[in-house]
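I am opening these notes to record what I looked up, working from a single strand pairing outwards to the chains and their domains.

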Amino acid sequence: MQTLIRLSERLKKLLKLMNQIYLDYNATTPVSSEVMEAMHPYFSTNYGNPSSSHSAGQKALRAMDLARTQVASLLEAKVDEIIFTGSGTEANNIALIGIANKFKGKGNHIITSSAEHSSVYNTCKHLESCGFELTYLPVDSNGIVSCEDLKTSITDKTILISVILANNETGVIQNIKEFAAIAGEHRIVFHTDAVQAAGKIALDVSELGADMMSISAHKIYGPKGVGALFIRRGLSLSTLIHGGGQERKLRSGTENVPAIVGFGKACEVAKLNLTLNSARLSQIKNLLEKEILSRIKGSKINGVGAPRVSNTTNISFVGTESETLLVKLDLNGIFVSSGSACGAASLEPSRTLKAMGLTEVQQHSALRFSVGLQTTSQDIDFTVETLKKLSNQ
Amino acid sequence: MTTQKTFVAALSGGVDSSVAAAIFVRSGHKVVGATLKMKNCDDTKEKTKACCGLDDNIQARLAADKLGIPHYFVDGRKEFREKILQYAMNEYAVGRTPNPCVLCNFYLKFGALMRFAKEIGAGGIITGHYAIIKRYGSADARIFKGVDDNKNQTYFLCGLTQEQINFSYFPLGELTKPEVRNLAEEFDLPNAKKEESQDACFGYKGETFAQTLSRTFKHPAKQGNIIDENGKILAKHDGIENFTIGQRRGLGIALGSPAFVVSINSISGDVVVSSNPELLLMKTFTASNMNYLDFQTQTLECEVQTRYRQTPQKAVVSKLDNHRTKIELAEPLRAVTPGQALAIYNGDQLIAGGWIDYLTGSK
């Protein structure tokens with residue numbers, strides 16, 4: 001009897017897996033088969049430490065070199081301008097704390113926006129507690145930071161400006177090029193968190209004018225546990241993670257070669273298919289938005305008036321509670337998020353939505369849908385059907 | 001697929017709630033696990049008790065994973081702080097001894113968690129309470145003592161409303177704790193060997209519950225004197241919050257014979273101690289904020305319980321009004337404590353609950 005019960009449970013689990021619709025690509029993406037294949041040799045075959053002088057180390061080092069060129073290429077950066085980190089969050093920490101500590105003799109004022117990812121926001125809060133002065137630029141109802149606000153907030157003590165390129169919750173894209181230009185005029189270092197932009201929009205660090213840029217592998221069908229920070233040639237940072245001196249002494253620690261190799265491959269593939277993927281994702285997302293807006297009363301897209309990345313849509317379903325709607329969707333095999341993924345464990349409300357001026361009701365009824373390469377139009381149909389059914393209950 | 005009734009299993013990370021969930025899962029019911037989040041995840045000060053902490057969250061998730069059920073967190077932090085911790089702090093401050101577990105059931109386990117369950121369309125919640133529910137109709141569920149005399153947890157359920165009871169399922173009522181532990185091993189649950197959780201769930205190493213509350217709310221303790229029944233000052237004390245009626249340990253004084261706390265005065269800060277056991281005996285007292293579940297008459301000869309793990313005492317309970325009762329015990333009882341919950345039984349059935357008032361005294 002026990003065996004039969006276990007068998008039927010296994011079958012149920014399998015059926016469940018087949019019926020799952022993942023719409024949370026901004027939280028993370030599946031590792032693609034090309035990336036898996038590229039990574040594989042570096043676990044148990046070419047497992048050398050890139051810092052070793054012998055041939056085993058050299059093999060690993062060469063793979064890392066290749067990955068570095070692939071990552072640099074995605075950003076149109078030079079290969080020596082890329083350092084590998086453990087995550088996008090780590091890249092943000094290294095960038096912000098690195099510049100703050102390096103330039104604190106010159107000034108102590110840092111400018112950022114009020115719609116940053118928590119890794120930028122909390123690092124800034126930390127810097128504040130260390131004695132730095134922070135300005136959090138407001139955003140308008142569409143989530144956009146104004147150039148005027150940035151200009152007027154600059155003082156002669158400002159040493160760093162950091163504004164997110166594409167918001168993780170709403171997908172809203174900021175005027176990074178203009179901000180970087182303003183920063184440049186004042187000779188202030190400019191950093192941008194491009195974690196949610198890479199692979200979705202074309203990035204060119206020279207064209208944008210950024211001095212530093214953070215990206216992350218697991219958002220672009222690469223593995224978790226690796227990110228990268230672009231640092232313009234000539235810019236030096238104070239070290240955060242000390243040790244053997246890897247990554248130009250900016251991020252010590254034995255490099256995660258398999259993950260780095262995977263990251264490189266992911267960047268190569270992302271760059272190759274950027275236009276095609278972007279178009280396809282836009283199409284799917286637009287279908288989702290159109291269906292929801294037309295069929296579900298009280299639904300409203302947050303940040304609709306701003307330019308947004310192709311795959312993200314943040315929608316308030318007025319009259320519902322997003323936390324319970326999320327659970328109900330999950331029980332129907334549809335995976336989305338509310339707030340942002342990093343906030344999920346702490347059940348905190350969304351800072352970004354609050355900064356955009358959404359009412360409490362709108363904030364607490366907002367869900368983020370982020371589509372990806374495996375999302376089909378049938379997935380969209382089923383999702384909208386289910387949403388309609390659940391919101392009528 | 002037919003639309004089956006879904007149950008939400010309240011998982012604390014402990015063995016009881018996990019087994020309760022397992023019983024329903026194995027019976028073929030559709031179950032969803034949920035854990036109340038009552039503290040912030042960066043609350044790292046070492047706990048004394050294993051309940052509702054980070055390791056318990058992990059245990060809850062592991063149990064859910066073992067059972068193959070989804071698992072969600074329900075945010076109860078605000079309610080926990082306001083309705084449980086603040087309440088407890090306030091009670092201590094006026095010289096009473098709070099009973100947070102009873103309120104936790106009312107506001108959190110059968111409050112916030114029940115609301116969550118209803119919102120996601122579930123038809124009931126399952127908990128690991130050792131109690132039996134008998135249903136006399138869809139809206140007439142009644143609570144009876146469980147089979148395990150050592151674990152009569154119905155006391156803690158005396159604050160539940162009829163609506164809450166109707167929605168609840170207690171699969172452990174017919175089992176003893178040793179039987180539950182055996183089931184946990186049989187089900188191969190990850191927390192089968194976990195230790196029993198005893199004290200207030202908000203305890204920290206090296207301090208009492210009251211001290212933790214004082215620290216949390218930055219509320220200074222009410223200091224004062226320890227005096228004897230004649231008013232003679234015996235010693236100073238650090239806070240009335242550290243004392244409860246009948247307490248023998250930690251008095252810090254030597255009276256020749258064992259002494260215990262007889263009364264606490266929150267205004268003067270006096271804690272009266274005595275070696276005379278007669279002073280602790282109480283025969284008549286009142287209770288307020290009554291929760292009448294199945295108490296039909298004006299007066300009833302029944303049994304009452306004035307603290308956890310006490311054998312219910314014979315008494316005559318009379319309603320004074322909709323909110324207050326008078327209790328006349330058949331035999332005087334030691335250390336009836338204001339602030340504690342009062343559970344009223346008719347045989348094995350829990351028929352009402354309330355809160356012990358300031359004592360009217362007398363034998």
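**Entry 1: a strand pairing in chain A.** I began with strand β10 (residues 312-317) of chain A, which is joined to β12(A) by five bridges, the two strands running antiparallel. Looking for a residue pair within this ladder, I found I315(A) standing opposite L367(A), the latter in β12(A). I keep in mind that this is a predicted model, and that every value noted here is computed from it.

**Entry 2: the sheet around it.** I then asked which strands make up the sheet and in what order. It is an open sheet of three strands, ordered β9-β10-β12 (chain A), and the pairing is antiparallel. Its edge strands are β9 (299-301) and β12 (366-370) of chain A, each of which pairs on one side only. On average, neighbouring strands of this sheet are turned by 30 degrees against each other when direction is ignored. As a reminder to myself, strands of a sheet pair through backbone hydrogen bonds, either parallel or antiparallel.

**Entry 3: chain A as a whole.** Stepping back, I counted 16 helices and twelve strands in chain A. The C-alpha trace of chain A spans about 60 × 55 × 40 Å along its principal axes. I checked the radius of gyration as well: a compact globule of 393 residues would have a value near 21 Å, and because chain A has 22 Å, the two agree. Of the 393 residues in chain A, 49% are buried, and among contacts in chain A with a separation of 6 or more, 74% are between residues 24 or more positions apart.

**Entry 4: confidence.** For the model I noted an ipTM of 0.81 and a pTM of 0.86. Chain B has an average pLDDT of 89, with 91% of the residues scoring at least 70. Which elements of chain B have the lowest and the highest mean pLDDT? The lowest, 85, belongs to helix α2 (residues 54-67) of chain B, and the highest, 98, to strand β4 (residues 124-126) of chain B.

**Entry 5: domains of chain B.** The domain assignment of chain B lists domain 1 (6-186), domain 2 (222-275) and domain 3 (280-356). I looked at the first and third of these, and the C-alpha centres of domain 1 of chain B and domain 3 of chain B lie 25 Å apart. Their contact takes 17 residues from domain 1 of chain B and 15 residues from domain 3 of chain B. On the side of domain 1 of chain B that touches domain 3 of chain B, strand β6 (residues 141-145) of chain B gives the most, with four residues.

Notes
Residues numbered from 1 in each chain as written. Chains lettered and ligands numbered in written order. Predicted model: local features only at pLDDT ≥ 70, side-chain atom pairs only at ≥ 80, totals over all residues. Rg over C-alpha atoms; globule rule 2.2 N^0.38 Å. Buried ≥ 20, exposed ≤ 12 C-beta atoms within 10 Å, placed from the backbone. Contact = placed C-beta atoms within 7 Å. Pairing = 2+ DSSP bridges. Axes fitted to C-alpha atoms, helices over the stretch in contact; angles between N-to-C directions. pLDDT = per-residue confidence, 0-100. Domains from an automatic or database assignment.
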